[in-house]
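Please look through the sequence and the model shown here before reading on. The report is written for someone meeting a protein fold in detail for the first time.

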Amino acid sequence: MNLHLARAFLNYLTWSKVYNYLLLAISFQLSRRMGKPKILGLPTSLSIEPTTSCNLRCPECPSGLRSFSRPKGMLEEKLFKTAIDQMKGHLSYLHLYFQGEPYLHPEFLELVKYADSRKIFTATSTNAHYLTPENIQKTVESGLKQLIVSMDGTTQEIYQNYRIGGKLTKVTEGIQNLIAYRNETGNKFPQVILQFLVTGVNEHQIPEIKKLAEELKVDELQLKTTQIYDYQNGSPLIPVNNLKYSRYLPNPDGTWKLKKSLQNKCWRMWQGAVMTWDGRIVPCCFDKDAKYVMGSLKTEKMVAIWNKPLYNTFRKQLLQDRSQINICQNCTE
């Protein structure tokens, strides 16, 4: 987190949020030592899904593949406000993204503005195809603190290999226009984070993306590893020359394995959760099809969901043998 983002985050902290975070950290360490879940405090971070819709067809994404086994739709403003109002006292970080392209939600920036008015640090992830002049102005005025832009290639040919259906020039122009407008109006936010998923197809362009990031004057460049669903038998998307940017390592027999061994712990299960567009609470962003639903904010309060036996049974399984949980088997936590 850069200096501007750190200051913005700290500016929205309260003593109750800090105390809540400490309770979560303590309960996480106690749970690890005891081998059974103990929960003190409430979620300090939350991801909320504005929509499952997307304009692109990325090959390792349920939105792109149009392969969801759960219902698809748009977040209702009333449900969003209900979630924010009941969690604003302990919520420090809100990522308005899970699956889909958030700017496809017609009221997306109004949702951001509402959360910001409740002193919650807001971030989102986008493919940047909808950074029109109107949306740029609304984005800056919304109070959004962090805008993560996915750009996985420095040429159209390489970019569209993963961001199928996308136009690189549209992305670069949107970034340039947003940063120019932000600076002209004397604003510092949103801070623009350029995210480059390193794959076997684009790894040779790492020097070029670093140069492009400087030219676009983004606030930060992140080189990220790519999640591959069926990684065991290999994939063209797995980097081979830059294994430091791979989540997987080759076996002598030609198959692949996770670089990091699964440990029976996961801070995410103690510090935050994910809410789908229709209000269902799932443990984390790896549960893309919402197979592990812990409750629904349409019918329950977050405090009840967070502490219910079903959630703690999930946490207990994680502490005892995480390899038995499907969504954990391809995780880098």
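What follows is a report on a predicted model, taken up topic by topic.

## The nonpolar cores

The largest nonpolar core has 82 residues, and the members that touch the most others are Ile48, Phe80, Leu94, Met151, Ile175 and Leu297. Helix H5 supplies the largest share of this core, namely six residues. There is also a second, separate core of seven residues, which includes Ala8, Phe121, Ala123 and Ile193. As general background, nonpolar side chains tend to be buried together in soluble globular proteins.

Leu94 shows what such contacts look like for a single residue. When residues up to four places away in sequence are not counted, Leu94 touches Leu46, Ile48, Phe80, Ile84, Ala115, Ile120, Phe121, Thr122 and Ala123.

## Two helices with a buried face

Helix H4 runs over residues 77-87, and its buried residues are Leu79, Phe80, Ala83, Ile84 and Met87. Seen down the axis of H4, these buried residues fall within an arc of 130 degrees, so they line one face of the helix. The elements that cover the buried residues of H4 include strand E1 (45-48), strand E2 (93-95), helix H5, strand E9 (272-275) and helix H11 (302-307).

Helix H6 can be described in a similar way, since Asn135, Ile136, Thr139, Val140 and Ser142 are buried in H6. Looking down the axis of H6, one finds its buried residues within an arc of 160 degrees, so they line one face of the helix. These buried residues pack against H5 and H8, while the face of H6 turned away from the buried side carries the exposed residues Pro133 and Glu134. After H6 comes Gly143, which has a positive phi near 95 degrees.

## Backbone geometry in the loops

Most residues other than glycine have a negative phi, and most peptide bonds are trans. Against that background, a few places in the loops of this model deserve a closer look. Lys119, in the loop between helix H5 (108-117) and strand E3 (121-126), is not a glycine and yet has a positive phi, near 60 degrees. Ala128, which belongs to the loop between E3 and helix H6 (133-142), also has a positive phi without being a glycine, at about 65 degrees. As for their surroundings, Lys119 is partly exposed, with a relative accessible area of 47%, whereas Ala128 counts as buried at 1% relative accessibility.

Where is the cis peptide bond that involves Pro190? The bond from Phe189 to Pro190 is cis, with omega near 5 degrees, and Pro190 is found in the loop between helix H8 (168-184) and strand E5 (191-197).

## Buried residues in the loops

Is His90, in the loop between H4 and E2, buried or exposed? His90 is buried, with a relative accessible area of 10%. Apart from its neighbours within four places in sequence, His90 is in contact with Lys17, Asn20, Leu42, Pro43 and Thr44.

Glu101 lies in the loop between E2 and H5, and at 2% relative accessibility Glu101 counts as buried. With neighbours within four places in sequence left aside, the contacts of Glu101 are Thr51, Ser53, Cys54, Asn55, Thr126, Asn127, Ala128 and Tyr130. The C-alpha atoms of Glu101 and His129 are separated by 9.3 Å, and these two residues are 28 residues apart along the chain. Cys54, one of the contacts of Glu101, is found in the loop between E1 and helix H3 (62-65). Cys54 counts as buried at 18% relative accessibility, the cut-off for buried being under 20%. Between the C-alpha atoms of Cys54 and Tyr181, which are 127 residues apart along the chain, the separation is 26 Å.

## Cavities inside the model

The structure holds three cavities of 30 Å³ or more, and the largest cavity has a volume of about 50 Å³. The residues that line the largest cavity are Cys266, Met269, Cys284, Phe286, Phe314, Leu318, Ile327, Cys328 and Cys331. Sorted by class, this lining has nine nonpolar residues, with no polar and no charged ones.

How values were computed: Residues numbered from 1 in each chain as written. Predicted model: local features only at pLDDT ≥ 70, side-chain atom pairs only at ≥ 80, totals over all residues. Heavy atoms only, no water. Helix = DSSP H or I, 4+ residues; strand = E, 2+ residues; numbered from the N terminus. Buried < 20%, exposed > 50% of the residue type's maximum accessible area, 1.4 Å probe, protein only. Core = buried A, V, L, I, M, F, W, Y, C linked by side-chain atoms within 4.5 Å. Contact = heavy atoms within 4.5 Å. Arc of directions from axis to C-beta. 1 Å grid on protein atoms, 1.4 Å probe; cavity = no way out; pocket = protein on both sides within 12 Å on 5 of 7 lines; lining within 4 Å. Points joined across faces, edges and corners; volume = space filled by probe spheres on them. Nonpolar A, V, L, I, M, F, W, Y, C, P; charged D, E, K, R; others polar.
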